[in-house]
Amino acid sequence: MTTPCPTCAWPTPTLVSTHGTTHYLRCVCGQWLIREHRTLVAAPGPSDFPRADRHTAA
Ligand SMILES: [Zn+2]
């Protein structure tokens, strides 16, 4: 019942959160996936979500 990552083809992105029938997953490559029922509905880019490990003070 997993959705392969469209970016790197990782077969088992990690389920981060579930809201009703909507599932939010994150891949090992940093790609976020949004799945509703069994259909991938969105794969927002990593830039959509600041990465803590890339945060640097100016
Ligand atoms: Zn990936």
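Colleague: Where is A9 found in this predicted model?

Modeller: A9 is found in the segment that comes before β1.

Colleague: What makes A9 count as exposed?

Modeller: A9 has 9 other C-beta atoms within 10 Å. A residue is exposed if that number is 12 or fewer. The value for A9 falls under this cut-off, and therefore A9 is called exposed.

Colleague: What is notable about the phi of A9?

Modeller: The phi of A9 is positive, at about 70°, although A9 is not a glycine. Most residues other than glycine have a negative phi.

Colleague: Which loop holds H37, and why is H37 called exposed?

Modeller: H37 lies in the loop between β3 (32-36) and β4. The residue has 8 C-beta neighbours inside 10 Å, and the exposed class takes 12 or fewer; H37 is therefore exposed. H37 also has a positive phi, of about 55°, and is not a glycine.

Colleague: How do you know that β3 and β4 pair?

Modeller: DSSP must find at least two bridges between two strands for them to pair. Between β3 and β4 there are three bridges, so the condition is met. The sense of the pairing is antiparallel. One of the residues concerned is I34, whose bridge partner in β4 is A42.

Colleague: What is the order of the strands in the sheet, and what makes β1 and β4 its edge strands?

Modeller: The sheet is open and has four strands in the order β1-β2-β3-β4, with antiparallel pairing. β1 and β4 each pair on one side only, and this makes them the edge strands. On average, neighbouring strands of this sheet are turned by 35° against each other, direction ignored.

Colleague: How many helices and strands does the protein chain have?

Modeller: The protein chain has zero helices and four strands. Along the sequence the pattern reads β-β-β-β.

Colleague: What share of the residues is buried?

Modeller: Of the 58 residues in the protein chain, 14% are buried. To be counted there, a residue needs 20 or more other C-beta atoms within 10 Å of its own.

Colleague: What part of the contacts joins residues at least 24 apart?

Modeller: Among contacts between residues at least 6 apart in sequence, the part is 15%.

Colleague: Which elements have the lowest and the highest mean pLDDT?

Modeller: Strand β4 (residues 39-42) has the lowest mean, 86, and strand β1 (residues 14-19) the highest, 95. The protein chain averages a pLDDT of 81, and 74% of the residues score at least 70.

Notes: Residues numbered from 1 in each chain as written. Predicted model: local features only at pLDDT ≥ 70, side-chain atom pairs only at ≥ 80, totals over all residues. Helix = DSSP H or I, 4+ residues; strand = E, 2+ residues; numbered from the N terminus. Contact = placed C-beta atoms within 7 Å. pLDDT = per-residue confidence, 0-100. Axes fitted to C-alpha atoms, helices over the stretch in contact; angles between N-to-C directions.
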